[in-house]
Amino acid sequence: MTESSSPPLADLLHAAVTTVGGTERPGQTAMAQAVAEAIDDSSHLLVQAGTGTGKSLGYLVPALAHGERVVVATATLALQRQLVERDLPRTVEALHPLLRRRPEFAMLKGRSNYLCLHRLHEGVPQEDADEAGLFDPFEAATPTSKLGKDLLRLRDWSDETETGDRDDLSPGVSDRAWSQVSVTSRECLGASKCAYGAECFAEAARERAKLADVVVTNHALLAIDAIEGAPVLPSHEVLIVDEAHELVSRVTGVASGELTPGQVNRAVRRAAKLVNEQAADALQTASEGFERLMELALPGRLEKIPEDLGYVLMALRDAARTVISALGATRDASVKDEDAIRKQALGSVENIHQVAERIVEGSEYDVVWYERHDRFGASLRVAPLSVSGLLREKLFDDRSVVLTSATLKLGGDFNGVAASLGLAPESPQDPEGGEETAPRWQGLDVGSPFDYSKQGILYVAKHLAQPGREGSRADMLDELAELVEAAGGRTLGLFSSMRAAQAAAENLRGRLDEPILLQGEETLGELIRAFAADARTCLFGTLSLWQGVDVPGPSCQLVVMDRVPFPRPDDPLMSARQKAVEEAGGNGFMAVAATHAALLMAQGAGRLVRASDDRGIVAVLDPRVERARYGSFLRKSMPDFWYTTDRNQVRRSLAAIDAAAKAQGA
């Protein structure tokens, strides 16, 4: 059906909302209209849609009405599932009679998310199997470890599953177990060479995506598709990025590289059996040199590559290049399943070559640093100083892009997020009336159906001492205990570090009767379920709780932030980005550190009001939000709650909320 013959957008939206049992809201209607206009004139749209707006239908309905293929990229598995299992089936069913066609939809993820039948049936390369310790050496056929049991369960599941998608396996298995039955795109033999190519789950998902009108994927695969130049997504005319506040972080992750001694040693073992002795020895020698150097590595940024590291990386790069050539030139018919082993070895060595060469070349647009982990040891990392240019070039060409989230306006406007995406603050026109000099875009805030000023209070504890880098902050813990007690539990504690969350949990468990759950003591899903089930319970944790908790009702009526979540001062990438902004004449602190904190605080504050009858308080136990010059920027980034610094008023409000909840039996 052509666009001009489609029914009016208002009729389509009404049909979809009615089918899902919802209520049409002005914000949703405004969003749908803006999305339709952006698609029609091939422009770009940033739309902030608060919790409860119904933004999924706000973009799905106009996208389906347009009739061209659309890719929807999300950051979380929960939203992908919601779209594919609930929103899309219902929307398609509702629009089918009006559109006189039934749009098809499919989900597509990276190859390593799908079970590999070749790996499952033919096994992993010997050195990987030896490392895994799958079976007791005295009872080779009987798995005695959890890993072995997981593998047997995966083998049984392979006969039942239609998708091979890891996320369809419930309960799940460990990363270690899954790595034994999956491959990366580098390791894949390709459908034409693989004995199981005709049954491949990943290839089947790609074929379904090619036939679909709507393809649901994730930010990481979108980044790979845009950055690496080898298309993994089908061609599409419209791109919708949901949870768009996460996009820059996910793209940065895909565009980063890492080298560790363990990773290099695995590559050496994989390649040693397949190449000549001279090539294998050179890579082994380079690997040993790298490992010795990494034993002495101190965490921090490397503004210049030290001479000894430069020599080691050049040796790794050159030895890896020799091995890559040798792997392409030799074959050994006596080696069982040699193609799969060779492909895996090639993928490992190519990654080492690529990262080593990138660091040796020393681009001014890259940041290089050492990291040291208590469990995994030292690693050498490289990441782009900025991905804005990459996104501007790769994301906004040849398609209309809609980016949406509940938090895109920081400090009251879209400019900060737009700049991180490579978009100018405005869409300037050539002064002579010629072509545009930047992608055309507009920002739209459609608000929220919730009345934040009547449903919530933003309280800043300005009487507390300013938090420092060290110290237990006894006054903050006293304030936290009083707030939790006044609320009768019902508290989500958002902390800037795991150490702070642990200290708070330990302290309050010794002085309060309310149960305190702590992130890390159980799976996140179980913790959230327990938190929601008992109103007296509190849940304390760090980063994933700032963005991943959706608990409407009386179980979450107090959200506490211990301090402004600025990036760590010693974070190499954030520090480098801040310095780059300052050298260009900008305010590095506001552009990087304050923007990072504002985004997290907006997300954290959004945990409080999840339904129209929710009531509660967001308490920030950091006086800088009131006292510092940047405090107003942070406050403007959060929902428009009623604002106070009066601690007595807050305690009275919490007591009233607690009494009302108890009266209702919660």
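Q: In what order do the seven strands of the open sheet stand?
A: This is a predicted model. Its seven strands form an open sheet, and their pairing is parallel. The order is β14-β15-β13-β16-β17-β12-β18.

Q: Which strands are the edge strands of this sheet?
A: An edge strand pairs on one side only. That holds for residues 516–518 and for residues 642–644. These edge strands are β14 and β18.

Q: By what angle are neighbouring strands of this sheet turned against each other on average?
A: Direction is ignored for this value. The average turn between neighbouring strands is 15°.

Q: Which residue in β18 stands opposite Tyr-459?
A: Strand β12 covers residues 456–460, and three bridges join β12 to β18. The two strands run parallel. Opposite Tyr-459 stands Thr-644.

Q: At about what angle does helix α19 run to β16?
A: Helix α19 spans residues 474–487. It lies across β12, β13, β15, β16 and β17. To β16, at residues 558–561, helix α19 runs at about 170°.

Q: Which strands does helix α20 touch?
A: Helix α20 is made of residues 498–509 and packs on the sheet. Its direction makes about 155° with that of one strand it touches, β14. The strands touched are β14 and β15.

Q: How many contacts beyond near neighbours in sequence does the stretch 132–142 have in the model?
A: The chain averages a pLDDT of 88, and 92% of the residues score at least 70. Over residues 132–142, however, the pLDDT is below 50. Beyond near neighbours in sequence, the contacts of this stretch in the model number 17.

Technical notes: Residues numbered from 1 in each chain as written. Predicted model: local features only at pLDDT ≥ 70, side-chain atom pairs only at ≥ 80, totals over all residues. Heavy atoms only, no water. Pairing = 2+ DSSP bridges. Helix = DSSP H or I, 4+ residues; strand = E, 2+ residues; numbered from the N terminus. Axes fitted to C-alpha atoms, helices over the stretch in contact; angles between N-to-C directions. Contact = heavy atoms within 4.5 Å. pLDDT = per-residue confidence, 0-100.
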